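Visitor: I'm new here and I'd like a tour. Could you show me the structure and tell me how you decide what to call things?

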Amino acid sequence: MTQPATIPRVSSLGRSLRVLDAYSCIGGAARGYQLLGWHVTGVDIAPQPDYRGDVFHQGDAIDFIRAHGHEYDFIHASPPCQGEGAPTKGTNKARNNAIGRTHPRLIVPTRAALEATGRPYVMENVAGSQVRKDLRLCGEMFALGVLMHRYFELGHWTTTQPAHRPHRGRVRGWRHGQYFDGPYVAAYGQGGGKATVAEIQQAKGIDWSTDHARLREALPPAYTEWIGRAFLTDRCTVELGVAA
């Protein structure tokens, strides 16, 4: 039986931390931090009526980070991944270049805004993006029904990469005219055996939204609960004078 990744159990530094959740979507990331008892403020350019955090602001995430990021203990940022994939791979080059023109690449300006706050942060995106690959998480690490490999850039703190557990099989669905069964659902796109709303909810541990598109985009809360605990471990280590 696959066991989920070990989550460090440490103190909360004596208080509930205030987290800024930039590019929040419906708040998959927010929910993971809330499980630690943290207060989460979300910001997104689009309305998010299903947002799971404590407070929501509609507006430009980079502008909000610049104006208010220094007011938070920790910042999580998930810039849109559209246009962030590697644009030079095979026959997808023209398509990815077109996507890049349609969707601005926001990782570099987001990083600049985050660094300017001086606050600890994590920035998340896909494999082909410009985020620094300090940490890689996969749904199998948490015994989830979705793989969803994501990379995380850590700013002003660090942690140890957990083991990437072997996958138990294939992602269920059609590939090149052939149907494959497996323990994971395809939580992207529609048709071809892709996951339904109920299947994504179950696979990711998200039960507060029925918006298929936003469910596909949302991070599983297990990822950010792990990240939050890892951050607390790092802070405790630094405060105890163990770190170099």
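Guide: Let's start with a word we'll need right away: a helix here is a DSSP run of H or I with at least four residues, and helices are numbered from the N terminus. Threonine 224 lies in one of them, helix α7. Keep in mind that this is a predicted model.

Visitor: What makes threonine 224 count as buried or exposed?

Guide: Buried means under 20% relative accessible area. Threonine 224 has 0% relative accessibility, so it counts as buried. Leaving aside neighbours within four places in sequence, threonine 224 is in contact with Gly28, Ala29, Gly32, Tyr33, His76 and Leu219.

Visitor: And threonine 196, why is that one called partly exposed?

Guide: The label sits between two cut-offs: under 20% is buried and over 50% is exposed. Threonine 196 has a relative accessible area of 42%, so it is partly exposed. You'll find threonine 196 in the loop between β9 (178-180) and α5 (197-204). Threonine 196 and threonine 210 are 14 residues apart in sequence, and their C-alpha atoms are 9.8 Å apart in space.

Visitor: Which residue would you show me as exposed?

Guide: Try histidine 176, in the loop between β8 (173-175) and β9. The cut-off for exposed is over 50%, and histidine 176 has 87% relative accessibility, so it counts as exposed.

Visitor: What is unusual about the phi of histidine 176?

Guide: Most residues other than glycine have a negative phi. Histidine 176 is not a glycine, yet its phi is positive, about 55°. Alanine 143 also has a positive phi, near 55°. Alanine 143 sits in the loop between β6 and β7, and with 41% relative accessibility it counts as partly exposed.

Visitor: Now the sheet. What is the order of its strands?

Guide: The sheet is open and has 7 strands, in the order β3-β2-β1-β4-β5-β7-β6, with mixed pairing.

Visitor: Why do you say that β3 and β6 stand at the edges?

Guide: β3 (55-58) and β6 each have a single partner strand, so one side of each has no neighbour in the sheet. From one strand to the next, the twist averages 20°.

Visitor: How do you know that β1 and β2 pair?

Guide: Two strands pair if DSSP finds at least two bridges between them. β1 (residues 18-22) and β2 (residues 39-44) are joined by 5 bridges and run parallel, so they meet that cut-off. Within this pair, alanine 22 stands opposite valine 43 in β2.

Visitor: Which way do the partners of β5 run, parallel or antiparallel?

Guide: There's one of each kind. β4 and β5 pair in the parallel sense over 3 bridges, with tyrosine 121 in β5 as the bridge partner of isoleucine 75. β5 and β7 run antiparallel and are joined by 5 bridges, and here glutamate 124 has phenylalanine 152 in β7 as its bridge partner.

Visitor: What makes β5 largely enclosed?

Guide: Of the 5 residues of β5, 5 are buried, so the strand is largely enclosed by the rest of the structure. In a regular strand the side chains alternate between the two faces of the sheet. In β5, Tyr121, Met123 and Asn125 point one way, while Val122 and Glu124 point the other way.

Visitor: How do you know that the buried residues of α2 are on the same side?

Guide: The buried residues of α2 are Ala61, Ile62, Phe64 and Ile65. They cover an arc of only 160° around the axis, which puts them on the same side of α2. They pack against β1, β2, β3 and α4. Helix α2 (residues 61-68) lies across β1, β2 and β3 and runs at about 155° to β1.

Visitor: What caps the N-terminal end of α2?

Guide: Aspartate 60 does: one of its side-chain oxygens lies 3.1 Å from the backbone nitrogen of isoleucine 62. A polar contact needs N or O atoms within 3.5 Å.

Visitor: Last one: which residues have the most contacts inside the largest nonpolar core?

Guide: They are Trp38, Phe74, Leu137, Phe152 and Ile227, in a core of 43 residues. α1 (28-34), β6 (135-137), β7 (150-155), α5 and α7 (221-239) each supply at least two residues of this core. α7 gives the most, with 7 residues. Apart from this core lies another, of 18 residues, including Phe64 and Ile65.

Key:
Residues numbered from 1 in each chain as written. Predicted model: local features only at pLDDT ≥ 70, side-chain atom pairs only at ≥ 80, totals over all residues. Heavy atoms only, no water. Buried < 20%, exposed > 50% of the residue type's maximum accessible area, 1.4 Å probe, protein only. Core = buried A, V, L, I, M, F, W, Y, C linked by side-chain atoms within 4.5 Å. Axes fitted to C-alpha atoms, helices over the stretch in contact; angles between N-to-C directions. Contact = heavy atoms within 4.5 Å. Arc of directions from axis to C-beta. Polar contact = N/O pair within 3.5 Å; in protein donor to acceptor, adjacent residues only side chain to side chain.
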